[in-house]
Amino acid sequence: MALSTSEVRAHGIRLTGQERTTVTPSLNAGDVKRIASNPATYPDRGNTSTYSVSGILLTQGQQQATAVQIAAKSLQLVGKELGSIKRQLTQAMNQGVDSVPNIKENLTRSKFQIDTVLQESRFDGHRVIDNELNLKLNGTDVRRFSIPGLNVNRLQGKAEQIRLDFPHGSSVMIQFDSAKDGVRTVKMLDRSLIPLGMRASISEDGTVLFEASEQAYKQMDHKVAVTGQGHRFPAGQANMLNLKSEPDGVAELRFDLSSRDGIKQSIIKVNKHLQQTHASLEQANQYQVDIDTQMQTMKSQLNVPTSQQISQKLTHFNRASEDFSSAFEALNAQANVRRHTVVALLS
């Protein structure tokens, strides 16, 4: 029995005072390979929050870079179509409309292409270029407009209550009072519009400016019903008025081919949009440079390994795992032999 006791102690099998034997089961080769291929990881809790915040910043930078790339590509397409429109209008002004074959169809097609590009230039569901061809990277689609004749400086001495009925079924009242200034009147209107998802402000010349989402603006179909008391607007039946975009953007671009002066004014509008396209494109390019610089700085501060470094580490780890599996299988086989011997002696 002394032989059995010596053999058992040498292999870590302890005989308790109650003569009970505790034997740790050995692992088979499949278990060893599974452990080697799926090693347990223990993250450094001290750096977890740092990597989490930095990872979020890197992700945001990548999203902004994608939005800027979409905007830049769209601006290039818009600029190309505007250039084509300008060439045809210039030829029509110098040589006459009849000298430009299919000019109306070509202008209409180019305008349609521009509208399509702007509607489809989106990231995460939001437009990245607004109606004035400005970069719009904050994710909000907003349109500003005014109602012709609605100005706080118009007929200041006349008190009048005006009702605005919007096509989606909502309405608000505006109370013009000779004893109140225009700023206070617009502030009261603004509070009334907030529940409708709209806002109101006042321009330098006293025009009342409205602000709504792009979707709500489309639902209005560019129209609003206005009812007054006979001063600023007619009393009785509501009058349907066309909304005026503030300022006029590319969606409101129209071409007047009826006269040389009309063509000239159309070219002026196109030039304005071309200048804004070039300015926004330069801004997009600068954004791209700034974002790339910021992301490279964050990566260098984090000491983020490159893909090649990660591949090398994985290769070394796989080799170490294979050596560990071979050694452990040999030890496990020896342990199985000794364990069977011990069990036989104890029985």
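Two strands pair if DSSP finds at least two bridges between them. Strands (E, at least two residues) and helices (H or I, at least four) are DSSP runs, numbered from the N terminus. This is a predicted model: local features need pLDDT of at least 70, side-chain atom pairs count only at pLDDT 80 or more, and totals for chains, interfaces and linings use all residues. Residues are numbered from 1 along each chain as its sequence is written, and side-chain values use heavy atoms, with hydrogens and water left out.

**Stop 1: the sheet with β5 and β9**

Select residues 142-151 and 207-213. These are strands β5 and β9, which pair in the antiparallel sense over six bridges. Now add the other strands. The sheet is open, has four strands and follows the order β8-β9-β5-β12, with antiparallel pairing. Its edge strands are β8 (199-202) and β12 (244-245), and each of them pairs on one side only.

Next, select residues 182-193. This is helix α5, which packs on the sheet and touches β8 and β9. Contact here means heavy atoms within 4.5 Å. The direction of α5 makes about 165 degrees with that of β8. Axes are lines fitted to C-alpha atoms, for helices over the stretch in contact, and angles run from 0 to 180 degrees between N-to-C directions.

**Stop 2: across β5 and β9**

Show the side chains of Arg 144 and Glu 211. Arg 144 stands opposite Glu 211 in β9. The two form a salt bridge, with the closest N and O atoms 3.1 Å apart. A salt bridge is a side-chain nitrogen of Lys or Arg within 4 Å of a carboxyl oxygen of Asp or Glu. This pair links distant parts of the chain, 67 residues apart.

Are these two residues buried or exposed? Neither label fits: Arg 144 is partly exposed at 41% relative accessible area, and Glu 211 is partly exposed at 27%. Buried means under 20%, exposed over 50%, and partly exposed in between (1.4 Å probe, protein chains only).

Stay on β9 and pick Thr 207. Thr 207 is buried, with a relative accessible area of 16%. A polar contact of 3.3 Å joins its side chain to that of Asn 151. Such a contact is a pair of N or O atoms within 3.5 Å; within protein, one must be able to donate a hydrogen and the other to accept it, and residues adjacent in sequence count only if both atoms are side-chain atoms. Leaving aside neighbours within four places in sequence, Thr 207 also touches residues including Ser 146 and Ser 201.

**Stop 3: the rings**

Select Phe 145, Phe 210 and Tyr 217. Ring pairs link them into a cluster. Rings of Phe, Tyr and Trp (its six-membered ring) pair if their centres lie within 6.5 Å; planes under 30 degrees apart count as stacked, over 60 as edge-to-face and the rest as tilted.

How many aromatic pairs does the whole structure hold? A search finds two. Phe 145 and Phe 210 are stacked, 5.5 Å centre to centre with 10 degrees between the planes. Phe 145 lies in β5 and Phe 210 in β9, 65 residues apart. Phe 145 is buried at 0% relative accessible area, and Phe 210 is buried at 0%. Phe 145 and Tyr 217 form a tilted pair, 5.5 Å centre to centre with 45 degrees between the planes. Tyr 217 sits in helix α6, 72 residues from Phe 145.

**Stop 4: more charged pairs**

Side chains of opposite charge can pair when their charged atoms come close. The whole structure has ten salt bridges. Pick Glu 214 and Arg 127, whose closest N and O atoms are 3.4 Å apart. Glu 214 is in helix α6 (residues 214-219) and Arg 127 in strand β4 (residues 126-127), 87 residues apart. Both are buried. Add Arg 143 and Glu 252 to see the network of salt bridges that links the four.

Then select helix α4 (residues 103-120). Asp 115 and Lys 111 lie there, four residues apart, about one turn of the helix. Their side chains meet in a salt bridge at 2.9 Å, N to O.

**Stop 5: the other sheet**

Show the open sheet of four strands ordered β7-β6-β10-β11, with antiparallel pairing. Its edge strands are β7 (171-176) and β11 (239-242). Finish on Val 172 in β7. Val 172 is buried, at 5% relative accessibility. Its C-alpha atom is separated by 6.6 Å from that of Ser 192, 20 residues apart along the chain.
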